Amino acid sequence: MSRPRLTLIVNNDVPCDEPGTSADQVSWSNQLDPHALKVSAPDLWSAYFHARFHSPREVALFCDVSF
């Protein structure tokens with residue numbers, strides 16, 4: 001049985017037309033706050049898993065882990 005995989009695709013060649021961004025900005029890596037990411041990541045992942053799956057068992061099967 002083939003399970004769906006989560007894939008992230010990034011294209012830094014296309015500029016963002018969002019307010020506050022400049023066309024010459026190619027990467028946001030120099031503006032990333034590692035501490036803020038570390039603090040917010042658990043809540044972001046938890047919200048994703050709650051929205052996407054119906055039970056902890058489904059999450060474990062999708063992530064190929066066991067309890």
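Modeller: A residue counts as exposed when its relative accessible area is over 50%, and as buried when that area is under 20%, with partly exposed in between. The model we are looking at is a predicted one.

Biologist: With that in mind, what makes Asp 64 count as exposed?

Modeller: Its relative accessibility is 56%, which is over the 50% cut-off, so Asp 64 is called exposed. Asp 64 is found in the segment after α2, the helix of residues 56-63, and its phi is near 60°, a positive value in a residue other than glycine.

Biologist: Why is Arg 3 called partly exposed?

Modeller: The value for Arg 3 is 27%, and because this lies between the limits of 20% and 50%, the name partly exposed follows. Arg 3 has its place in the segment before α1.

Biologist: How do you know which residues Arg 3 is in contact with, leaving aside its neighbours within four places in sequence?

Modeller: Contact requires heavy atoms within 4.5 Å, and by that test Arg 3 touches Leu 61, Phe 62 and Asp 64. As for Leu 61, its C-alpha atom is separated from that of Arg 3 by 8.6 Å, although the two residues are 58 apart along the chain.

Biologist: What makes the reach of helix α1 close to the value expected?

Modeller: Helix α1, residues 34-52, holds 19 residues and spans 26 Å from its first C-alpha to its last, to be set against the 27 Å expected at 1.5 Å a residue. The helix also bends by about 40° at Ser 40, and Pro 42 follows within four residues of that point. In total the protein has two helices and zero strands.

Biologist: How many aromatic pairs does a search of the whole structure find, and why is the pair of Trp 45 and Tyr 48 given the name it has?

Modeller: The search finds six aromatic pairs. In the pair of Trp 45 and Tyr 48 the centres are 5.9 Å apart, which is within the 6.5 Å limit, and the planes make an angle of 85°, which is over 60, so the pair is called edge-to-face. The two residues are three apart in helix α1, which means that about one helical turn separates them. Trp 45, at 45% relative accessible area, is partly exposed, and Tyr 48, at 26%, is partly exposed as well.

Biologist: And what makes the pair of Phe 49 and Phe 53 tilted?

Modeller: Here the planes are 45° apart, neither under 30 nor over 60, so the pair, with its centres at 5.9 Å, counts as tilted. Phe 49 is partly exposed at 22%, whereas Phe 53 has a value of 8%, under the 20% cut-off, and is therefore buried.

Biologist: Which residues do the ring pairs link into a cluster?

Modeller: The cluster joins Trp 45, Tyr 48, Phe 49, Phe 53 and Phe 62.

Biologist: How do you know that Arg 52 lies over the face of Phe 62?

Modeller: Arg 52 is 5.3 Å from the ring centre of Phe 62 and lies over the face of that ring, and the distance is within the 6 Å that the description allows.

Notes. Residues numbered from 1 in each chain as written. Predicted model: local features only at pLDDT ≥ 70, side-chain atom pairs only at ≥ 80, totals over all residues. Heavy atoms only, no water. Expected span 1.5 Å × (residues − 1). Bend = angle between axes of the 7 residues up to and from the residue. Buried < 20%, exposed > 50% of the residue type's maximum accessible area, 1.4 Å probe, protein only. Lys NZ or Arg CZ within 6 Å of the ring centre and 35° of its normal.
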